[in-house]
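Trainee: Could you give me a close look at one helix crossing, its handedness and the residues behind it?

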Amino acid sequence: MKLYRPQPHVTISLKDESELRIMREAGRIVAKVHEAVRPLIRPGVSTGELDRVADQVIRDHGGVPVFIGQQKPNSPPYQFATTASVNNQVVHGIPSDTQILNDGDIISLDTGVLYQGFVGDSAWTYGVGEIKPSVQRLLDTTERALYVGIEQAVVGRELRDLSRTIQQYIDAQGYGIVREYTGHGVGTKMWEEPQVPNWWPRNAKGRLQFDNVKLVAGMTFAIEPMVCSGTGDVRELDDHWTVVTADNSLCAHFEHTVAVTERGPLILTTL
C-alpha cells in the first residue's frame, strides 16, 4: 500500500490491484447483506430483526461487522452490524426490537464489513410497503445523486469537482443537502482521509472546510449523499448516535464504496 500526500497534513492510502481485489470481496459481502435484508423490509418488522439477519450474513461469508465497537467522541461503543435510520432519521439510527416499521415508512440501512483486513461500506434507503410518489421521488433523486458523484471519481479530477456535481444535481431538484456529514476514505479502517462532502463551500472562511485533493488511481472512498425533503439541517439525539433532521423532514441516504482506477470508477459494493 502506497501513501499519497497531496497536502502536508493529508495522508491517503492507495491500494494496489491485489488490495482492491480484497476490497471488492468485502464490498460483495456488503451487497449480500442488502440482498438478504431487502425482501424482509415490510410493515411489522423491527429494525432489530433486520440487524440480526445482517450480522449473520456477514459472519456466514467470513466477514466481521465493522460497525460493532466503532466509537466517536462522547459516544458509547456501537453495538450493531447496521445502522437503521427511519423517516426523519438521517444516519446512525440504532436498531431496536421496539422500532417497528409501518406502511409508508422509509428506512436507510447502512452496513460495513471487515474482510481480510479491508473494509466495505454501503447504505441504501428502502420504502416500506407502499410509499407516496413524492417520497419515491426523494429516494430516486438521492440514488441518482450517488451515481452522478461516482461518475466524477476519475483520475485527474479534483475532489471538489465530485462534491460540486452532487450539490448542483440536488439543488436543481429542490431538496436539502445534509452538510454536517460526509463520505470518507475507506481502506483498512472504516474512516480514512479524505472527507468526501456532498457540497463544496463557496469561500474559505466558512465553518466547515474540506481538503481538496486531486484524484489518483488507488484511492478508495465512500460517496454517500444524504438528501432531505426539508432544509438539510440536522441534530443528534441524546443517545449520541442517532442523527435526525431538525425540521422532522424525511431523509434518504445512498452509499457505495468506490475505487479510482485508470479504467474509470470501480464500484466495490455490488454483487
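Mentor: Right-handed is how α1 and α2 cross; by that I mean that the near helix is turned clockwise from the far one by less than a right angle, while anticlockwise would be left-handed. Bear in mind that this is a predicted model, in which local features need pLDDT of at least 70 and side-chain atom pairs count only at pLDDT 80 or more, whereas totals for chains, interfaces and linings use all residues. Numbering runs from 1 along each chain as its sequence is written, and side-chain values use heavy atoms, with hydrogens and water left out.

Now the geometry. Helix α1 covers residues 17-37 and helix α2 residues 47-60, and they pack at about 140° with their axes 9 Å apart (axes are lines fitted to C-alpha atoms over the stretch in contact, and angles run from 0 to 180 degrees between N-to-C directions). That angle makes α1 oblique to α2, since under 35 degrees counts as roughly parallel, over 145 as roughly antiparallel, 65 to 115 as roughly perpendicular and the rest as oblique. Helices here are DSSP runs of H or I with at least four residues, strands are E runs of at least two, and both are numbered from the N terminus.

As for who touches whom, α1 brings I29, K32, V33, A36 and V37, and α2 answers with L50, V53, A54, V57 and I58; contact means heavy atoms within 4.5 Å. By class, that contact of α1 with α2 has nine nonpolar residues, no polar ones and one charged (Ala, Val, Leu, Ile, Met, Phe, Trp, Tyr, Cys and Pro are nonpolar, Asp, Glu, Lys and Arg charged, the others, Gly among them, polar).

Put the other pair beside it. Helix α3 (133-150) packs on helix α4 (159-173) at about 155°, with 9 Å between the axes, so α3 and α4 are roughly antiparallel. Their crossing is right-handed. On α3 the touching residues are R137, T141, R144, A145, V148 and G149, and on α4 they're L162, T165, I166, Y169, I170 and Q173. The contact of α3 with α4 splits into six nonpolar, four polar and two charged residues.

While you're scrolling through the backbone, stop at two spots outside these helix pairs. The E193 to P194 peptide bond is cis, with omega near 0°, and P194 sits in strand β10. N74 isn't a glycine, yet its phi is positive, about 70°; you'll find N74 in the loop between β3 (64-65) and β4 (82-86).
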